[in-house]
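Work through the exercises below with the sequence and the structure side by side. Try each task before reading its solution.

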Amino acid sequence: MAERTQYEELMRQFSAFGAVRRELGRIMPSDCPGGSAAVLTLLDRYGDMRMSRLAELLAVDMSVTSRHVTHVVDRGWIERSPDPADKRSRILRLTPGGRAQVDELSRRTAQLLADRLGDWSDEEVGQLIRLMTRLRASFGDCRAAPLRPTPTPPASENPHSPHHELEHTTRTPA
């Protein structure tokens with residue numbers, strides 16, 4: 001198992017990764033924010049689906065998913081049609097315009113990564129993909145059971161509490 005200092009450095013790197021995500025966001029077309037791009041990408045990857053499945057894949061609330069879907073429907077990139085199995089539900093499907101948008105997003109993203117990782121070997125890029133895939137698998141479905149923080153013991157039992165010393169010095173013997 002890695003040492004604590006390695007995990008701390010890993011957390012610093014995760015925090016710094018926000019800059020990479022922001023740069024990826026800056027290259028997206030102005031009418032296709034990150035949430036819309038995610039909707040299009042998931043529909044392209046997994047095919048037609050219900051809104052509930054999309055919300056599950058996005059790992060966000062149905063209301064957030066609905067806003068993203070409305071945005072892409074308004075631009076003509078996806079369509080909603082009745083689900084033959086359940087008329088109350090809708091099936092989301094990419095339109096030809098949506099497929100063209102996915103192609104454009106993919107082209108822009110691939111170009112940015114090629115520019116930034118141009119001095120990386122194919123082996124290094126492959127290694128990064130394998131490690132990131134493994135990291136995601138280690139976390140599993142983070143939505144299924146949220147981790148609860150370990151409860152902090154009462155100050156009298158917690159030697160790191162600022163009140164610990166005070167409590168020990170103000171106790172009266174029984």
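The exercises that follow concern a predicted model.

**Exercise 1. The chain as a whole**

Task: State how many helices and strands the protein chain has, and in what pattern they come.

Solution. Step 1: count the elements; the protein chain has seven helices and three strands. Step 2: read along the sequence, which gives the pattern α-α-β-α-α-β-β-α-α-α. Step 3: turn to burial; of the 174 residues in the protein chain, 22% are buried.

**Exercise 2. The largest pocket**

Task: Describe the largest pocket by its volume, its lining and the kinds of residue in that lining.

Solution. Step 1: the volume of the largest pocket is about 3000 Å³. Step 2: its lining consists of 50 residues, and nearest its centre lie Phe17, Arg21, Leu24, Met132 and Arg136. Step 3: find the elements that give two or more residues to this lining; they are α1 (4–26), α2 (34–46), α3 (51–58), α4 (62–74), α5 (96–116) and α6 (122–139). Step 4: the element that gives the most is α6, with 12 residues. Step 5: sort the lining by kind, which yields 31 nonpolar, 11 polar and eight charged residues.

**Exercise 3. A salt bridge between two strands**

Task: Which parts of the chain does the pair Glu79 and Arg93 tie together?

Solution. Step 1: establish the contact; the side chains of Glu79 and Arg93 form a salt bridge, at 3.8 Å from N to O. The cut-off for such a pair is 4 Å. Step 2: place the partners; Glu79 belongs to strand β2 (residues 78–83) and Arg93 to strand β3 (residues 86–94), so the salt bridge ties together parts that are 14 residues apart in sequence. Step 3: check exposure; Glu79 is partly exposed, at 37% relative accessible area, and Arg93 is also partly exposed, at 27%. Step 4: look for further partners; Asp48, Glu79 and Arg93 are linked in a network of salt bridges. The structure holds 12 salt bridges.

**Exercise 4. Two more salt bridges**

Task: For the pairs Asp86 with Arg88 and Glu104 with Arg108, decide whether each residue is buried, partly exposed or exposed.

Solution. Step 1: recall that buried means under 20% relative accessible area and exposed means over 50%. Step 2: in the salt bridge of Asp86 with Arg88, the closest N and O atoms are 3.0 Å apart. Asp86 has a relative accessible area of 17%, so this residue is buried, whereas Arg88, at 76%, is exposed. Step 3: the salt bridge between the side chains of Glu104 and Arg108 spans 2.7 Å, N to O. Glu104 has 23% relative accessibility and Arg108 has 26%, so both count as partly exposed. Step 4: Glu104 and Arg108 are four residues apart in helix α5, so about one helical turn separates them.

**Exercise 5. Rings and an unusual phi**

Task: Find what lies over the face of Tyr46, and say where Ala59 is found.

Solution. Step 1: count the aromatic pairs in the structure; there are zero. Step 2: Arg53 lies over the face of Tyr46, 5.9 Å from the ring centre. Step 3: most residues other than glycine have a negative phi. Step 4: the phi of Ala59 is near 60°, a positive value. Step 5: Ala59 is in the loop between α3 and α4, and is partly exposed, with a relative accessible area of 41%.

Notes:
Residues numbered from 1 in each chain as written. Predicted model: local features only at pLDDT ≥ 70, side-chain atom pairs only at ≥ 80, totals over all residues. Heavy atoms only, no water. 1 Å grid on protein atoms, 1.4 Å probe; cavity = no way out; pocket = protein on both sides within 12 Å on 5 of 7 lines; lining within 4 Å. Points joined across faces, edges and corners; volume = space filled by probe spheres on them. Nonpolar A, V, L, I, M, F, W, Y, C, P; charged D, E, K, R; others polar. Phe/Tyr/Trp six-rings, centres within 6.5 Å; stacked < 30°, edge-to-face > 60°. Lys NZ or Arg CZ within 6 Å of the ring centre and 35° of its normal. Buried < 20%, exposed > 50% of the residue type's maximum accessible area, 1.4 Å probe, protein only.
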